[in-house]
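Student: Please take me closely through one part of this model, starting with what packs over its buried side, and then move outward to the parts you would read alongside it.

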Amino acid sequence: MLEKIYIKGNKLKALDNRHPWVYSGAVAKMPENIEDGDIVELVHGQDKLIGYGFYAPGNQIVCRVFEYTRKPIDPTTQEYWSEKIAKAYAMRKAHVLSEETNCFRLIHGEGDFFPGLIADVYNDLVSVQILIKGVDKIAPMIIKALQEIGFERIYNKSKEISKRLENVETPKGWLTEKTGSPKVEVLENGVKFMVDVETGQKTGFFLDQRDARSLVAKYSKDARVLNTFSYSGGFSMYALKAGAKLVHSVDASQPAIDLCNENAVINGFDNGEHEGYCADVFEHLTKMQPNDYDVVILDPPAFAKSAKAVTAAARGYKQLNLKALRKIKPGGIIFTFSCSQKIDKDLFRKIVFQAAAEAHRNVRILHQTTQPNCHPINIFYPENEYLKGLVLFVE
């Protein structure tokens, strides 16, 4: 028998709209013997079932819902979790996985009705992030479910903050018998990348920019391209493959630049077409000569990780775009992005507008980008749409 959380009658609208978070103010009655991460039933009135979720004590969010249903089920079984993961995989097999692409996001948290879990596929390896206690408690069933669909190498890249704030105990490292290297070669739209799930950022690579990288390729033939915050050179490799004259990759991390240079070599671009620079991007943009690049890519890390940081982040995004707008060649293209969830696409567009106005240049939006289909957006959870981008034509 699962413990029940009773929802107030006047707080049912959010649950009727299938938002995956239940806030403490919506709770009418809570059992006393419930534990962090327990799977609970959500009910209202005379035990009318709403769904099931992971309990989280001490938080403003007291439950993260993974199943809305009026019919009782048993979400504590291996069968339930295996089916959920198999459904997510079936969607990727149908619309993402191909001979040209073997790296993609398999589980996108709330986007796949699985709050607290990120799972990314890199060839034959799955790199996971366990973000909440509820997922931590069912980790063995997650591992088995991933093995059932054919993945025998599973690595846990969970964040330290999850361990500290969410009491996640599953240790970082291999969740299966260690076989082979944590560094694996993958394909994305036919472009090769080396991914190290042990030392790399996020789960090893930034899979959420796949569509934007393809778009960069369309504007890169015979162009001089600057890729800032380049990490391992995702945009750089696409530009080179599309026939760019020269690509410069800039990142503050020397290991990232080393990996970027390695990716250039394995793709056959080791004849001077690519140069990597370990430098502060803001300083690099300040010092660089005007009219030197046809295409500039601005893909910084999240400047705003909390609501309190939005004002400072907006200043940072504005200065970054202003520097690029002042220096790019007339007729050049700027790809500018924000992955800060706290800065929505409307605010981001206003920030870029302010930079364009201050640069005193005519700017037109050619494309507006978002995350690819392996990062699906839960229509009931708009917060899931975190990545936004603009492709600008600068006169």
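Tutor: The cover over the buried residues of α10 includes α9 (281-287), β17 (295-298), β18 (332-338), α11 (345-359), β19 (363-369) and β20 (388-394), where contact means heavy atoms within 4.5 Å and buried means under 20% relative accessible area with a 1.4 Å probe, protein chains only. This is a predicted model, in which local features need pLDDT of at least 70 and side-chain atom pairs count only at pLDDT 80 or more, while totals for chains, interfaces and linings use all residues. Residues are numbered from 1 along each chain as its sequence is written, and side-chain values use heavy atoms, with hydrogens and water left out.

The residues of α10 that are buried are Val 310, Ala 313, Ala 314, Gly 316, Tyr 317, Leu 320, Asn 321, Leu 322, Ala 324, Leu 325 and Lys 327. Helix α10 itself spans residues 310-327, 18 in number, and its first and last C-alpha atoms lie 26 Å apart, close to the 26 Å expected at 1.5 Å a residue, the expectation being 1.5 Å times one less than the number of residues. Helices here are DSSP runs of H or I with at least four residues, and strands are runs of E with at least two, numbered from the N terminus.

Strand β15 can be read beside this helix as a further buried element: six of its six residues are buried, with Leu 246, His 248 and Val 250 pointing one way and Val 247, Ser 249 and Asp 251 the other. Five bridges join β15 to β14 (residues 224-228), and the two run parallel, pairing being assigned if DSSP finds at least two bridges; within this pair, Leu 226 stands opposite His 248.

The loop between β15 (246-251) and α8 (254-266) holds Ala 252, which is exposed because its relative accessible area is 62%. Leaving aside residues up to four places away in sequence, Ala 252 touches Cys 278 and Ala 279, whereas its C-alpha atom is separated by 24 Å from that of Glu 188, 64 residues apart along the chain.

Elsewhere, an open sheet of mixed pairing is formed by five strands in the order β7-β8-β9-β10-β11, and its edges are β7 (103-108) and β11 (173-174), each pairing on one side only. Strand β10 (residues 153-156) runs antiparallel to β11, joined by two bridges, and Tyr 155 has Trp 174 in β11 as its bridge partner.

Note on methods. Buried means under 20% relative accessible area, exposed over 50%, partly exposed in between (1.4 Å probe, protein chains only).
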